[in-house]
Amino acid sequence: MSDGSLGLWTVPLAVFGGAIRVSTPFLFVSLGECITERSGRINLGLEGTLVMGAMSAYGISYLSGSPWLGVLAAGIAGAMLGALHAGICSLPRVNDIAVGIALMLFGTGLAFYLGKPLIEPTAARLPAIDFGWWSDVPQVRAALRINVLFLIGLALAPILYWAFKTTRWGLLIRTAGESSDAARAMGYSVLAIRLRATMVGGFLSGIGGSFLSLFYPGSWNEGLSSGQGITAVALVIFARWDPMLCLWASLAFGGAAALGPALQSVGVTSGYHLFNAAPYILTLAIMIITCSPKRTLTGAPAELSITR
Amino acid sequence: MTTGSADPVEAVGVAPAADPGFLQRYGATIEYILIPGAALVGALATFGLFVALFGKNPLDLYFYMYQGAFGTWFSWQNTLTRAAPLILTALCTALPAQLGMVIIGGEGALLIGALSATSVALAMPWASPLVVQTAMVCAGVIGGGLWITLAGALRQYRGVNETISSLLLVYIGLAVLNHLVEGAMRDPASLNKPSTREIGAANMIGSIPGTDVHWGLAFGLVAAFASYILIYHTVFGFSARVAGGNIRAAKIVGLGVNKLILMICFLAGGAAGIAGMVEVAAVQGRTNANLAAGYGFTGILVAFLARHNPLAIIPVAILLGGISASGGLLQRRLGLPDASVLVLQGIIFVFVLASDALYGRIGFLKGKS
């Protein structure tokens, strides 16, 4: 009955709810990658980190019964993969992009290996806050069931923006990213700064992964992430390394990714796979529009290999 | 690393050092074999430790890996069958690497190549098998080639990073494949696994006589040798390497860098496209989601392990084909999950990249004259 009364309004509503739900992993990965890239290094391995985080969160939540312990475990697993990335990149003449590709394969493989026994059991999931209590319409209520992690990510974006601008740590990370010579001249170890930045980036990406397995879609299987990690890395580039822009871009992406399922729910099934590819097509389109071969991107950290 | 005289490594180097010219001439080649070899051994040892953590005997592991990969004629055939697409997808990463590009979208080019080859075969049911097969190869090359050329063009004309765009194109390619296979091109008879119609038994390329290894291996070998000659023995390849070494120098001497990049990308994608065509015409007989078996991603590892040398790709592809061929035996005999092959591949990749730091630092290879 409510289906009929809403009619085509179901689609924008589902896109809105989906934007909030689907954007959370994008948001965490892009904020994490933002920190890493600001320090002058790119970690393409976050796709693997995301899957690893999803698996660890599900496993720990299943074993301990506490989803929040799962989130923490996902963060720690992500930070360890980040440390591995930074450690290998610290060696002379090692290319950070290639190491990222390696860790993408390694993280996914390890997660599939360790996660084999987790496909069957059901783990405790993360709770959601019901912001739609005022409405009688089930779709509105569904759209407004918002997970706490999204709210944390929402708060994190302005905090990071502020931290990059004003805090000592933010300044150090930016210095390492703009000119490693300057950071060295100030007496800081660039490698140590990048190690920490990559670990924090991995920590946040791992948490993004925990959202996948513990809230939406909310189970562990090997098809859980298909490119969300790498999309989020690309997203940082056209968000111009700005945490606030990362937030808006993640929301736009979540909306694009929710389009396919939303249309399917009102009976538009043709082109389902193409709509599912919307985030990738959107990423590519935005990169084509915003990049330029003539100049480096405004706001790009000067030490970043990808923009040189 | 400073060289101490008590270093045992140093002692090994004494014998060839009697002829200082030998090391000067071949030091770099020895390095290219020794360092990835050491990385491989290190990775295998680490993987052994990893499975030991799960209570499996590492010696059993190595034994079954050898058995499953190279132990019998049957496993050799399995290995070579898997090596064929790996050679081709590795070229998709290795060729652009000559120009300093990191392309990781071989999987997408494979899928599009398979899709194009299947479409062509289904469009000409009247033609003789040889015509159909030739058309399939051309379609595979063009489909895969254009797919990677897109990534190259976006980099040259729009400054879009080719690593990210080529990976995004993998997901887009998979979506296009699923869309067509479940829609316009679907065989109504394929219920459980949506697929296209079959290309027909007559059009399959079959096996090399006396073996179960399909002709795709020959395609791979020819492509690898042709790439080697192209890169190291033609003006075109020389220009590509100049542009890869120093793009400004290449522009100053008047090389058309844009054209070079587009052509290399086309050849690279074409190689992966043939891999897709081979998977259709020798294994699957049709296009469906089974084609996304990860050959494109393993190919990246093959290319890096071979240091982007087209000839070195052949033995490395056989090695990694062997590792993936042994996956089944590891699953049956040791109860390891099928993902253990992925873990091992990841460990090898990490070790190989970390070993990049060793070049030029091995004491006895410095060739002191």
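**The contact between chains A and B, and the core**

In this predicted model, the contact between the two chains draws 40 residues from chain A and 39 residues from chain B. On chain B, the side that touches chain A receives at least two residues from each of helix H6 (129-158), helix H7 (162-182), helix H12 (295-305) and helix H15 (340-354). H7(B) makes the largest contribution to this side, with 11 residues. Classified by residue type, the side of chain B facing chain A comprises 25 nonpolar, 11 polar and three charged residues.

Attention may now turn to the nonpolar core. The largest such core contains 223 residues, and helix H11 (residues 257-284) of chain B gives the most to it, namely 17 residues. The residues with the most contacts inside this core are Ile87(B), Leu91(B), Val302(B), Ile313(B) and Ala317(B). Ile313(B) may serve as an example: beyond its neighbours within four places in sequence, its contacts include Ile87(B), Leu91(B) and Val302(B). Ala90(B), Ala94(B), Ala224(B), Ala303(B) and Ala306(B) are also among the contacts of Ile313(B).

The confidence of the prediction remains to be considered. The model has an ipTM of 0.90 and a pTM of 0.89. Chain A has an average pLDDT of 88, with 96% of its residues scoring at least 70; for chain B the mean is 89, and 93% of the residues reach 70 or more. Within chain A, helix H4 (residues 67-90) has the highest confidence, at 96, whereas helix H1 (residues 2-6) has the lowest, at a mean of 51. In chain B, pLDDT stays under 50 over residues 1-17, for which the model has 15 contacts beyond four places in sequence. Predicted coordinates should not be read in detail where pLDDT is low.

Conventions:
Residues are numbered from 1 along each chain as its sequence is written. Chains are lettered from A and ligands numbered from 1 in the order in which they are written. This is a predicted model: local features need pLDDT of at least 70, side-chain atom pairs count only at pLDDT 80 or more; totals for chains, interfaces and linings use all residues. Two residues are in contact if their C-beta atoms, placed from the backbone, lie within 7 Å. Helices (H or I, at least four residues) and strands (E, at least two) are DSSP runs, numbered from the N terminus. Ala, Val, Leu, Ile, Met, Phe, Trp, Tyr, Cys and Pro count as nonpolar, Asp, Glu, Lys and Arg as charged, and the others, Gly among them, as polar. pLDDT is the predictor's confidence in each residue, from 0 to 100. A nonpolar core is a set of buried Ala, Val, Leu, Ile, Met, Phe, Trp, Tyr and Cys residues joined through C-beta atoms within 7 Å. A residue is buried if 20 or more other C-beta atoms lie within 10 Å of its own, exposed if 12 or fewer, and partly exposed in between; C-beta atoms are placed from the backbone.
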